[in-house]
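Student: Hey, can we go through this structure together? I'd like to start with one of the helices.
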Amino acid sequence: MVRFLEYLLIAGCIAVLLVASHWIGQQAYSWMPAEATAEAQKVDSLFSFLVSVGAFIFLGLVGMMIYSMLFFRASKEDYSEGHPSRGDARLEILWTATPTLLVMWIAFQGFNIYQQLDILGLRQIVHLHTPLEFETASAAEVSDVPKPADETIDVFVKQWDWSFRYPNNVNSNELHLLVNRRTRLNMHAQEVIHGFYVPEFRLKQDIIPGRDIDLVVTPIRVGKYKLKDSQFSGTYFALMDADVYVEPIEKYNQWLTQVTSEPMTIKNQAVAEYSQPPKTLFKTSWYTVAPAQSAVANQRKVSNDT
């Protein structure tokens, strides 16, 4: 009877730990930036699951330590050594099998989410135009019917700025995307590896010179976001950012029609940094790419075919 009560108490403690760790995992959704794409939803689900697992392990270990300190403390006069647990096969199996099963469980959960992404829809999220075709992870969408991208936007990145070309040959330093529409970003790097990263999108892709890399994104939240270069691409890479706008089709079309009539000068912040006098007494021999001077954006580029 006493042994049964002990098992019942252990089961109750495990149940409490499961409830508490699940609650902490749900709170993890608020630790990340707002989900702005359909792809971000599945990424955050996996993150929440990993937080729940970590919280369960942490609370369990801390609870065992507190329990041991409260109920198994030696008296002040007791200077004897504790009984060693060497050669305990059950203990060896326990602390070997438990982490193994846990890692396999986490791997299964990750694989399951990737399967769901594929079931939900969609074709390759990243596609390299190289002689060999590589299968990569798929992106998610609310619909379970595969759909082609609604439009393609060319993304050009170089030291030290981003530029975007839209289907009507409008060039801009701003990225405008339609809400609830799949958009294919065809990305090109000029000289070194750059990284396309918008935290709210949960999608990060390296852009490699000499390769055209496609990234499919499905924005679901209207708003303004910031595109950053996730790679250390050189001296001024921290200054490389661009505004990203997710907007309904009416506002998007209005911007496209107005953008050509309102050309504006792009102020490259790297130029100001490059023009400043050295702040140290010693000069380095590091090679630095001179930033391009101010350019005109928000203009229509006439192609050779027109």
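Tutor: Sure, and keep in mind that this is a predicted model. Start with H4: the exposed residues Glu-250 and Thr-257 sit on the face turned away from its buried side.

Student: Ok, so which residues of helix H4 are the buried ones?
Tutor: H4 runs over residues 249-259, and its buried residues are Tyr-252, Trp-255, Leu-256 and Val-259. They cover an arc of only 100 degrees around the axis, so they end up on the same side of H4.

Student: And what covers the buried residues of H4?
Tutor: The cover includes four strands: E2 (151-158), E4 (170-172), E5 (175-178) and E11 (241-247).

Student: How many helices and strands does the chain have?
Tutor: The chain comes to 5 helices and 14 strands. It has 306 residues, and 32% of them count as buried.

Student: What about contacts in the chain between residues at least 6 apart in sequence: what share of them join residues at least 24 apart?
Tutor: That share is 69%.

Student: Switching to charges. How many salt bridges are there?
Tutor: The count comes to 5 salt bridges. One of them is between Arg-165 and Asp-154, with the closest N and O atoms 3.1 Å apart. This pair links distant parts of the chain, since Arg-165 is in strand E3 (residues 161-165) and Asp-154 is in strand E2, 11 residues apart.

Student: Is Asp-154 buried or exposed?
Tutor: Asp-154 is buried, because its relative accessible area is 16% and the cut-off for buried is under 20%. Its partner Arg-165 has 24%, so that one counts as partly exposed.

Student: Got it. Which side chain does Arg-184 meet in a salt bridge?
Tutor: Arg-184 meets Asp-214, at 3.8 Å from N to O. Here too the pair links distant parts of the chain: Arg-184 belongs to strand E6 (residues 183-189) and Asp-214 to strand E9 (residues 213-217), 30 residues apart. Asp-214 is buried, with a relative accessible area of 7%.

Student: Which residues are linked in a network of salt bridges?
Tutor: Lys-224, Lys-226 and Asp-243 are linked that way. Within that group, the side chains of Asp-243 and Lys-226 meet at 2.6 Å, N to O. Asp-243 lies in strand E11 and Lys-226 in strand E10 (residues 223-229), so this pair ties together parts that are 17 residues apart in sequence.

Student: And how accessible are Asp-243 and Lys-226?
Tutor: Asp-243 has a relative accessible area of 17%, so it counts as buried. Lys-226 is at 31%, which means it is partly exposed.

Student: Ok, new topic: pockets. How much space lies in the largest pocket?
Tutor: About 1,700 Å³. The lining of this pocket has 35 residues, and Ile-14, Leu-17, Gly-60, Leu-61 and Met-64 are the ones nearest its centre.

Student: Which helices supply at least two residues of the lining?
Tutor: Helix H1 (2-27), helix H2 (38-71) and helix H3 (89-119) each do. H2 gives the largest share, 14 residues.

Student: What does the lining look like by class?
Tutor: It has 25 nonpolar residues, 9 polar ones and 1 charged one.

Student: Last thing, the backbone. Which residues does a cis peptide bond join?
Tutor: Gln-159 and Trp-160, with omega at about 20 degrees. Trp-160 is found in the loop between E2 and E3. For background, most peptide bonds are trans, and most residues other than glycine have a negative phi.

Student: So which residues have a positive phi although they are not glycine?
Tutor: Asn-169 is one of them, with a phi of about 65 degrees, and Asn-180 is another, at about 60 degrees. You'll find Asn-169 in the loop between E3 and E4, while Asn-180 lies in the loop between E5 and E6.

Student: And how exposed are Asn-169 and Asn-180?
Tutor: Asn-169 has a relative accessible area of 23%, so it is partly exposed. Asn-180 counts as exposed, because its relative accessibility is 53% and the exposed class starts over 50%.

Student: Nice, thanks!

Conventions: Residues numbered from 1 in each chain as written. Predicted model: local features only at pLDDT ≥ 70, side-chain atom pairs only at ≥ 80, totals over all residues. Heavy atoms only, no water. 1 Å grid on protein atoms, 1.4 Å probe; cavity = no way out; pocket = protein on both sides within 12 Å on 5 of 7 lines; lining within 4 Å. Points joined across faces, edges and corners; volume = space filled by probe spheres on them. Nonpolar A, V, L, I, M, F, W, Y, C, P; charged D, E, K, R; others polar. Buried < 20%, exposed > 50% of the residue type's maximum accessible area, 1.4 Å probe, protein only. Arc of directions from axis to C-beta. Contact = heavy atoms within 4.5 Å. Salt bridge = Lys/Arg side-chain N within 4 Å of Asp/Glu carboxyl O.
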